[in-house]
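Subject: Structure handover

Hello,

Here is the structure I promised to pass on to you. Please have it open while you read the notes underneath.

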Amino acid sequence: MTRSQDELQIGYLDRDLLVAWKPHGVLTSGNSGATFKRRITQYLHEKNTSERPLKIEPCHRLDFGTSGWVVFGLHLEAIQKIGEAFARQAVTKHYLALLHGTPAEKMSIRIPLGGQTAQTDLRLIKSGQIAGAGSVSLVTIKPLTGRTHQIRKHTHAIGHGVVGDDQYSHAMGIYRGKGLFLCAHEITFSHPFSGASVHVSQLPSRKFMKIPFVHQAGLERQIILSSPSS
């Protein structure tokens with residue numbers, strides 16, 4: 001179900017770029033009418049009062065099942081500069097994920113993907129149980145490279161795939177009914193024109209917080225929350 005326009009979460013907005021929260025179960029962009037890009041375009045066209053035309057493009061993608069912050073460029077130069085920052089790995093993203101089993105407390109996964117180097121750093125926060133999936137763990141993940149499905153492929157390769165992943169399924173089978181438990185909850189980068197640090201962070205999506213042991217993990221104390229502004 002698509003949330004109402006009033007519930008659109010904006011983490012940062014100026015004349016050059018916008019950072020907004022994409023819900024689970026929404027395409028970032030594409031030919032489908034119900035994409036996040038279309039929702040953002042509608043919001044900005046309604047908000048824009050200047051005569052300057054807007055060219056709105058996401059500068060990276062989140063998978064259909066992944067929620068979290070997406071950066072949009074609002075004109076061609078911004079789109080190019082932010083895209084270049086992603087390409088040279090100058091954008092830092094942190095994810096929260098629910099994984100099957102219990103991984104090591106700290107891991108650095110270095111497994112090439114598509115013939116390219118790929119690295120994913122992982123830190124265990126707390127382990128627990130959920131009905132239908134058994135033993136699971138809440139982890140924070142920092143991908144140091146940006147390969148397609150990197151987090152999902154790397155965690156699957158070490159035997160601790162993301163709960164709800166219907167493409168890289170766990171040996172216990174797919175945990176169905178709640179979707180993918182992967183959330184890009186924090187992003188930091190330098191503004192492409194001013195050079196100022198842009199940092200946006202918040203707690204993961206509600207389905208994470210409904211799990212008792214996740215709710216009790218004290219994420220509020222572990223995550224620095226930025227107050228969204230518009």
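Below is what I found, going from the whole chain to single residues.

Please keep in mind that this is a predicted model.

The chain as a whole

The chain holds six helices and 10 strands. It has 230 residues, and 50% of them are buried. If you take the contacts between residues at least 6 apart in sequence, 62% join residues at least 24 apart. The surface that the chain exposes comes to about 11500 Å², with 49% of it supplied by carbon and sulfur atoms.

The second largest pocket

One place to look is the second largest pocket, whose volume is about 670 Å³. Its lining is made up of 24 residues, and those nearest the centre are K93, Y95, T145, G146 and R147. Sorted by type, the lining has nine nonpolar, nine polar and six charged residues. Which elements supply at least two residues each to this lining? They are the helices α2 (76-87) and α3 (150-157), along with the strands β5 (92-100) and β8 (134-143).

Helix α3

Since α3 contributes to that pocket lining, you may like to see what else surrounds this helix. Its buried residues are Q150, I151, R152, H154 and T155. They pack against five strands that you can pick out in the viewer: β5, β6 (106-110), β7 (119-130), β8 and β9. After α3 comes G159, which has a positive phi near 85 degrees.

The hairpin of β9 and β10

Strand β9 covers residues 182-190 and strand β10 covers residues 197-201; the two pair in the antiparallel sense over five bridges. Across this pairing, T188 stands opposite H199 in β10. Six residues lie between the strands of the hairpin, and G195 takes a positive phi near 80 degrees there.

Three loop residues

I also picked out three residues in loops. Are they buried or exposed?

Start with I56, in the loop between α1 (36-47) and β3 (57-58). I56 counts as buried because its relative accessible area is 6%, and the cut-off for buried is under 20%. Setting aside residues up to four places away in sequence, I56 touches K37, I40, T41, L44, H45, F72, G73 and L74. L44 from that list is 12 residues away from I56 along the chain, and their C-alpha atoms are separated by 8.8 Å.

T66 sits in another loop, between β3 and β4 (67-73). Its relative accessibility is 2%, so T66 is buried as well. Beyond its neighbours within four places in sequence, T66 is in contact with K22, P23, H24, Y95, L180, L182, C183 and A184. You have met Y95 already, as one of the residues nearest the centre of the second largest pocket.

P112 is in the loop between β6 and β7. With a relative accessible area of 58%, P112 is exposed, because exposed means over 50%. Apart from neighbours within four places in sequence, P112 is in contact with T117 and A118. The C-alpha atoms of P112 and H154 are separated by 9.3 Å, although these residues are 42 apart along the chain. H154 is one of the buried residues of α3.

If you would like a route through the model, you could begin at the pocket, go on to α3, and then visit the loops.

Best wishes

Definitions and conventions:
Residues numbered from 1 in each chain as written. Predicted model: local features only at pLDDT ≥ 70, side-chain atom pairs only at ≥ 80, totals over all residues. Heavy atoms only, no water. 1 Å grid on protein atoms, 1.4 Å probe; cavity = no way out; pocket = protein on both sides within 12 Å on 5 of 7 lines; lining within 4 Å. Points joined across faces, edges and corners; volume = space filled by probe spheres on them. Helix = DSSP H or I, 4+ residues; strand = E, 2+ residues; numbered from the N terminus. Nonpolar A, V, L, I, M, F, W, Y, C, P; charged D, E, K, R; others polar. Pairing = 2+ DSSP bridges. Buried < 20%, exposed > 50% of the residue type's maximum accessible area, 1.4 Å probe, protein only. Contact = heavy atoms within 4.5 Å. Areas by Shrake-Rupley, 256 points an atom, 1.4 Å probe, with all protein chains shown as cover.
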